[in-house]
Amino acid sequence: MTEQIGRVLGDRYRLVAPLGSGASARVYLADDVTLRRRVAVKVLHPALADDDAFLRQFRAEARAAAALNHPNVMAVYDWGEDDGPYLVLEYLGGGSLRGMLDRGQRLSVSQTVLVAIDAARALDAAHRRGFVHRDIKPANLLFGDDGRLRVADFGLARALSEAAWTEPVEGLVGTARYAAPEQGGAGPVDGRADVYSLGLVLLEAVTGVVPLTAESPVGTLHLRAESDVPVSDQLGALGPLLQRTGRVDPAERPTAAEFGAELLGVARALPRPAPLPLVGPADGLVLPSGASAADPTILPGRLSIPADVDDHTSVVSVSEVAAGTAISFEAGRAGRGGVGLPPGGAGPGRRRRWGAFAAVVALVAAVVGGGLAWAQLRPATASVPTVVEMPLEQARAQLDAAQQATDGEVSWRVVEQADYSETVSTGAVIAQSPAPGSSLRDGGTVTLRYSKGQPPVPVPDMSNSTVEEATALLAQAGLTVGEQRPQADETAVAGTVLTWFGPDGAERPAQVAKTSAMTLLVSSGPAPRTIPGGLAGLSYDEAASTLAGVQLSAVRGEEFSSTVDKDKVIRTDPAEGTALERGAVVTVVVSKGRDLVKVPDVNGQTQDAAVALLQQTGLKVESVTGPAGAKTAYVTDPAAGTQLDRGSPVRLYLR
């Protein structure tokens with residue numbers, strides 16, 4: 001890393017000293033030679049410069065992260081590509097939580113809650129803007145000199161997930177040591193994955209141990225998918241809350257907002273925390289020869305003009321004079337805060353002292369006079385209002401109002417630039433320059449970058465996929481399934497995707513805006529077949545042939561009929577006009593002709609025996625007639641031996 005010291009990136013950022021390195025990047029202390037401020041520059045792995053997919057995602061994430069403004073989120077000042085992509089970040093002199101833990105520092109429960117509240121606030125703000133960090137770990141929790149925590153690297157883990165290069169660690173997005181179980185691909189990753197990771201970090205801060213870890217990332221994720229995170233008794237009042245953050249099921253974990261609110265309740269039950277044991281990078285920072293660790297934004301001490309050597313002559317500070325300090329001209333001594341004249345005549349020593357005094361007065365006059373002249377000549381200015389995330393029309397109105405408030409003294413040029421955004425709605429301002437609150441003079445330029453919607457992503461080929469497979473393919477591309485329209489198809493299996501349409505109705509578009517909902521045309525299988533009419537009275541073969549013509553199968557059924565000739569179709573089962581699946585079986589009922597029975601001879605039988613015999617034969621005894629007291633069957637009508645249809649009525653006569 002020392003070979004890069006002195007290199008200037010983007011004609012602006014001079015690398016001063018190495019701060020650290022990781023699998024994907026190296027971090028340097030740097031000077032912003034334009035704004036004269038100390039910054040941190042994260043230079044990403046050179047192999048990423050040739051990865052077009054990564055560079056596209058990196059640009060989008062860098063823009064979005066730069067617009068993520070929160071006191072507990074590390075500020076992204078700038079980004080660029082100079083023999084490789086780099087990020088320009090806020091420089092924090094308090095080091096990281098990783099630095100504390102590596103030096104054997106352990107936090108008390110009160111200190112850990114303090115860290116957790118700041119981190120939860122940062123995550124809540126990011127999650128509400130659509131960011132999921134995916135790589136919460138101690139190295140990404142950094143502190144300013146004042147001890148305030150900032151979360152670093154928002155968007156970087158997601159950008160690295162698009163990279164085609166292979167990291168020196170196994171191919172898991174984020175750090176497996178602190179990853180939630182769903183980050184192994186078991187389910188969708190949302191803000192609750194960050195809360196899970198933060199819980200592991202807090203456990204390590206108190207106990208020094210990260211629970212549920214194995215020798216490999218795969219083994220670690222397997223352990224976490226099997227059981228909830230165990231919480232040590234060392235966590236005290238914080239323990240029950242961390243048990244909830246470590247649940248396997250994301251739905252059982254709190255959101256970042258809920259986590260932060262509950263942390264405040266825990267904090268009230270704990271003693272006041274001691275100051276954090278910060279271990280800033282400056283503690284071990286080794287600068288190259290000739291470099292200074294001093295912040296270039298801190299001016300040197302007040303400029304003082306010494307008089308010639310004399311006990312009666314004071315030193316006048318330009319800053320004091322500019323502040324309005326009175327200068328007294330008393331003979332023989334110096335007034336308080338003033339410049340004294342020596343007593344006596346005008347010898348050479350006195351002339352030298354008078355010359356020094358005159359020089360001081362001349363300098364003071366120049367400073368004060370120059371200040372008055374600048375106040376009179378400087379151009380009119382106005383404060384630039386905050387318009388980020390406002391609709392473009394509203395942003396223009398805000399800028400117009402700020403200019404009108406100067407009664408015509410200030411007029412700005414407004415430049416509008418359209419860009420894709422994953423977090424800002426279409427037509428709203430993504431970023432503004434100068435920054436909100438900046439004082440901009442008359443004739444200055446305000447640049448507004450506004451969203452033209454989600455960035456386009458390629459639409460995957462879903463031909464012959466099932467709906468489930470198509471849903472997974474779209475999810476991988478950042479798209480969703482919208483309407484599913486069924487359509488009959490003679491060749492595609494039911495549930496197979498036939499084609500798809502974009503939000504504008506275009507069929508099979510090459511790319512659409514990210515998060516777009518795609519309409520799927522899904523096969524419902526072959527169209528239903530309707531049993532045709534007119535089969536009654538046909539022969540079985542004729543009916544079967546007609547059914548085959550509409551791709552239905554026939555099976556023969558038979559029954560007697562007194563109205564339909566033998567071997568002719570009586571009906572179908574199901575009935576004509578019924579809709580069936582292609583290839584369904586239809587029963588064709590064919591007549592066996594009349595069902596005839598012979599009237600039996602009942603002469604000489606008792607009445608009861610005669611009635612029983614007629615009924616057993618399949619005939620119906622309509623009436624029994626005879627003289628009083630008659631009990632013996634005599635004759636039937638129709639007569640014995642007559643062929644009748646089964647169920648026909650017969651009259652019985654007795655004697």
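**Helix faces, helix pairs and buried loops**

Mentor: Start with helix α12. Its buried residues are V467, A470 and L474. Keep in mind that this is a predicted model.

Trainee: What puts these residues of α12 on one side or on several?

Mentor: Look at the arc. The buried residues of α12 cover only 60° around the axis, so they sit on the same side of the helix. The helix repeat fits that: an α-helix has 3.6 residues a turn, so residues three or four places apart point the same way.

Trainee: Which residues of α12 are exposed on the other side?

Mentor: E468, A475 and Q476. Exposed requires a relative accessible area over 50%.

Trainee: What do the buried residues of α12 pack against?

Mentor: Three strands: β17, β18 (497–501) and β20 (517–523).

Trainee: And what comes just after α12?

Mentor: G478 does, with a positive phi of about 80°. A477 lies in that region too, in the loop between α12 (467–476) and β17 (480–487).

Trainee: Why is A477 called buried, partly exposed or exposed?

Mentor: Set the value against the cut-off. Buried means under 20% relative accessible area. A477 has 19%, and therefore counts as buried.

Trainee: Which residues does A477 touch, beyond those up to four places away in sequence?

Mentor: V457, P458 and P460. Take P460: it is 17 residues from A477 along the chain, and their C-alpha atoms are separated by 7.4 Å.

Trainee: Now helix α14. Which of its residues are buried?

Mentor: In α14 (residues 607–617), they are A610, V611, L614 and T617.

Trainee: How do you know whether they line one face of α14?

Mentor: Again, by the arc. Seen down the axis of α14, the buried residues fall within 130°, so they line one face of the helix. The face turned away from the buried side carries the exposed residues D608 and Q616.

Trainee: What lies against the buried residues of α14?

Mentor: They pack against β26 (596–598), β27 (620–625), β28 (633–637) and β30 (649–654). After the helix comes G618, with a positive phi near 105°.

Trainee: On to helix pairs. What makes α3 and α8 roughly parallel or antiparallel?

Mentor: The crossing angle decides. The axes of α3 (residues 109–128) and α8 (residues 256–268) cross at roughly 155° and come within 8 Å. Angles over 145 degrees count as roughly antiparallel. Therefore α3 and α8 are roughly antiparallel to each other.

Trainee: Is the crossing of α3 and α8 left-handed or right-handed, and which residues meet?

Mentor: Left-handed. From α3 come V113, A116, I117, A120, R121, L123, D124 and H127, and from α8 come A256, A257, F259, G260, L263, L264, V266 and A267. By class, this contact has twelve nonpolar, two polar and two charged residues.

Trainee: How does α3 run against α5, parallel or antiparallel?

Mentor: The axes of α3 and α5 (residues 191–207) come within 11 Å and cross at roughly 165°. That angle makes α3 roughly antiparallel to α5. Here the crossing is right-handed. α3 contributes T112, A116, A119, A120, L123 and H127, while α5 contributes G191, D194, L198, L202, A205 and V206. The contact of α3 with α5 has eight nonpolar, three polar and one charged residues.

Trainee: R129 lies in the loop between α3 and β7 (141–143). Why is R129 counted as buried or exposed?

Mentor: Use the cut-off again: under 20% is buried. R129 is at 17% relative accessibility, so R129 counts as buried. Leaving aside neighbours within four places in sequence, R129 is in contact with A67, L68, E389, T423 and V424.

Trainee: Where is M1, and is M1 buried, partly exposed or exposed?

Mentor: M1 is in the segment before β1 (8–9). Partly exposed runs from 20% to 50%. M1 has a relative accessible area of 26%, so M1 is partly exposed.

Trainee: Which residues does M1 contact, apart from neighbours within four places in sequence?

Mentor: P18, L19, G20, S21, R26, V27 and Y28. L19 is 18 residues from M1 along the chain, with a C-alpha separation of 9.3 Å.

Trainee: How many helices and strands are there, and how many residues are buried?

Mentor: The chain has 14 helices and 30 strands. Of its 655 residues, 41% are buried. Among contacts with a separation of 6 or more, 65% join residues 24 or more positions apart.

Notes
Residues numbered from 1 in each chain as written. Predicted model: local features only at pLDDT ≥ 70, side-chain atom pairs only at ≥ 80, totals over all residues. Heavy atoms only, no water. Axes fitted to C-alpha atoms, helices over the stretch in contact; angles between N-to-C directions. Helix = DSSP H or I, 4+ residues; strand = E, 2+ residues; numbered from the N terminus. Parallel < 35°, antiparallel > 145°, perpendicular 65-115°, else oblique. Left-handed = near helix turned anticlockwise from the far one by under 90°. Contact = heavy atoms within 4.5 Å. Nonpolar A, V, L, I, M, F, W, Y, C, P; charged D, E, K, R; others polar. Buried < 20%, exposed > 50% of the residue type's maximum accessible area, 1.4 Å probe, protein only. Arc of directions from axis to C-beta.
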